[in-house]
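Trainee: Could we go through this structure together? I should like to begin with a single chain and then turn to the contacts between chains.

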Amino acid sequence: MDIQFKEVGYAYQGFKKQYHALKNINLEIEKEGEFIAIVGQTGSGKSTLVQHLNALMKPTSGTINILGTVLPSKKKIKVNHLRQKVGLVFQFPEYQLFEENILKDVEFGPSNFKETKDHKTEYAKKSLKLVGIDESLYEESPFRISGGQMRRVAIAGILAMNPNILVLDEPTRGLDPQGKDDIMDLFNEIHVQEHKTIIMITHDMDIVAKYAKRVVVLNQGEIVFDGKKDDLFQHEDFHTFHLDYPTHMRMMNHLHETLGIKKKFVKNQDELLSYLKEVFK
Amino acid sequence: MIKVRNLNFMYEETKEVIKDLSFDIKKGAWVSILGHNGSGKSTLAKVLVGLLKAQSGQIFIDDIELTENTVHEVRKKVGIVFQNPDNQFVGVTVRHDIAFGLENMKIPQEEIVKRVDLYARLVGMEDYLKKEPQQLSGGQKQRVAIAGALAMHKDIIIFDEATSMLDPEGVFEVTNLIRKLNKEQGQTIITITHDLEFALKSDYALILSEGVLIKEGKPSEVFLEEDLLRQSKLTVPPGLKLYLDVKNDPKLKEQSELVDALWTFNLKK
Amino acid sequence: MNIKIGQYIQGDSFLHKLDPRIKLVSMILFIVSIFLVPITLDTYNIVAMITLFIISILLVFLSGIPLGKVLQGLKAIVFLMTFTFIIQLFSIQPLGENPLLDLPMNLGLISIPLLILLLVLYFFVKKRIKFKTTWFFIFVVGIFYIQYAVTLIPMNLDGFNYQFLVYPSGLLRAGFIFLRIIAVMVVASLLTFTTSTIELNDGLESLMKPLRYIKVPTYMFSMMISLTLRSIPTLLNETDKIMKAQTSRGADFNESSIGQKIGQIIALLIPVFVISFDRAEDLSNAMEARGYIIGEERTKLDVYKIGFKDYLALFVTSAILITLVVMGIAL
């Protein structure tokens, strides 16, 4: 287990009483090969949870072991190096751009860690190529490109740090459908080619259905489901999770309700189409 | 209600262009203007409320031509809800924000108080009148913006990608409110979006590509032309895709019940 | 994140219900009164000052805010007040007065190390106890006591010897200033405790109306203040997000060198500036689209009515001021 949460809780002082953003979190994540979707209603604790993954936040109860470093610790210990290994991409990451040109901005991340300092330009160029930003833009100001391009530059900035684990907070928020597909294909490629573990917060159940392997469902700060996505979608208590079904399953339900077609679990639209062809032979 | 004739526009900063655009929007209609990013749709929104000036062409709102002199008059008839819920929230609290436009119109204080209450109730925010913007969700802030436009008794409301930054709950709230305003109150609505799924709910669609209007008509007719959608770089949403796949399959397309059921699926929610 | 600007605490008290304009004007009148009392040994003046001080404390009870909370606000200036108090004690050396206190003091080989020890002890204990203000006072008394106690040792001491003299007028002056500062601070905090920022802004706008006759754009100022108030929490939120994003890129303020820290501040400031400018542009578009015209007259959602209580407050504070002026002239 490369990241391990043991009975982790996070509480803070609200207006009149303590507010528990996370309770009894027990979670184990491997540093390679996982593709985990973290889902749940707004306010269920997803953001708080992922900010523990790179030591941005520390538990107020329980312990977390991030690649060997245990938090919280009584002595003051250094945690910054963990951020090279666990790269976190926030919502609307394009807001973090600041350098005078795109190449320099992407180099910022790697320049802060001793593992990547000496190769910052090489890694930056590699990441920019991966996200599809052309060389001709390297000397451009990051504020002179389109919103979609800015987001890709910001993502390149995290990829250039060469992290083992990628944590993404709603990477497709605010993008048009084509942009969403492009970004997700990029992450999927990274996952498949480089075997990196990807942990992604999302509200889009179609994205979960298409890309995720494992799903963790949060409800009011607690984990109510942690398992394979197929098991999630066929779970008998699904309605208590306050989630939508992916579109192809909603269509299946709709056809069942209106036409009386027998319900079958389908993993994607192609399977649904094939099933319909069978039914209407 | 709105008449646009031969509009030409070139926006230096984003290189967005509108070329010889002409269209009509009837009173009480819900029209979607669709296009990929950079198709000119966002600049069109700003031109319609006089925030940007077109190089040539004419715009008539309620038979008044939009010019430098009539801008203030026209702004009383057309409201706009922008994409970023935070960046258009002017007031220190919800009630102050709804009142903002009314204060600008120099409406007497007693009338302002009445309208703030009435329209906050209409959008479901009557319990939040004293809340400050940072205490509200994106969907709630957008509803406050809508209340502000309604309170000014605006005939037309433009939604410029007003749901793109919201979470699913927010999208649901705003979409329902738009539907209610159009169907129950007869409000003329223009939604500018790249989301076909959302546009399916409207009465009429205009498709822009590279600044040119390439097709207009009812969503149920226009969205079925796959080549057209591909040309305008619009992505077909999954529900619609299955519908099209079924209609293209030689055997399945004969199953009229199936075809109808898939179409109603796309219209609901 | 729930961020509250200012000290406003909601309530129903007499002070809460007063018109903000009246509160502002009354506060000014009262503060002027406090400063008008001359610092002399006359019974009248001593009584006047003490009365004003007591009135300001009594006002706390009209606010519904616990006295402890109001006094808590004074903690920030405890150091300044003590320093001022001591300076006043020393600086007055009038002729023809007998000192109340006449103690020899020494700063030398024994007392200085003891003082340093006391300083260390002060900081050590300060972290560990709750009643930091009381401990501070003990510390200050200790500083002087050590310098005095050292002279009791039957030895010939080198170093700097001086007399600690406390004259009645010195004590009086120090006491006056002490009471004055507290009274002013209490009254000013009562204003911010019982008046929301919206009310304050509206009150100021209304009071500034006459300035419009000389073409001062008061509408603009009050819109600027109100937009700023509305933007602060949002801006703080954005800054927090940017900080987290840059920390996630390795810019940890706690773990970096001075050189790196400078780069990190830029990495924080530039995005915040960009966001703010974007916000400003969007906001001005939205305002224009909603019919806002700079400098134009506007009506207002909130209306303030001046009632009996307001006239009463105004009357009382004016009366106090007039009494003092008359007394000053007559005596």
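Mentor: We shall take the fold of one chain and then two interfaces, bearing in mind that this is a predicted model.

Trainee: How many helices and strands are there in chain A?

Mentor: Chain A contains ten helices and ten strands. Its radius of gyration is 21 Å, close to the 19 Å that the globule rule gives for 281 residues, so chain A is as compact as a globular protein of that length.

Trainee: What box do its C-alpha atoms fill?

Mentor: Along the principal axes, the C-alpha atoms of chain A occupy roughly 65 × 50 × 35 Å. Of the 281 residues in this chain, 44% count as buried.

Trainee: Now the interfaces. How many residues do chain B and chain C each give to their contact?

Mentor: Chain B gives 34 residues and chain C gives 26. On the chain B side, α2 (71-75), α3 (94-104) and α4 (109-122) each supply two or more residues.

Trainee: Which element has the largest share there?

Mentor: That is α3(B), with seven residues. By class, this side of chain B has 15 nonpolar, twelve polar and seven charged residues.

Trainee: And where does chain B touch chain A?

Mentor: That contact takes 26 residues from chain B and 22 residues from chain A. The elements of chain B that give two or more residues are α6 (168-185), α10 (238-248) and α11 (256-267). The largest share, six residues, comes from α10(B).

Trainee: What is the make-up of that side by class?

Mentor: The side of chain B that touches chain A has ten nonpolar, eight polar and eight charged residues.

Conventions:
Residues numbered from 1 in each chain as written. Chains lettered and ligands numbered in written order. Predicted model: local features only at pLDDT ≥ 70, side-chain atom pairs only at ≥ 80, totals over all residues. Helix = DSSP H or I, 4+ residues; strand = E, 2+ residues; numbered from the N terminus. Rg over C-alpha atoms; globule rule 2.2 N^0.38 Å. Buried ≥ 20, exposed ≤ 12 C-beta atoms within 10 Å, placed from the backbone. Contact = placed C-beta atoms within 7 Å. Nonpolar A, V, L, I, M, F, W, Y, C, P; charged D, E, K, R; others polar.
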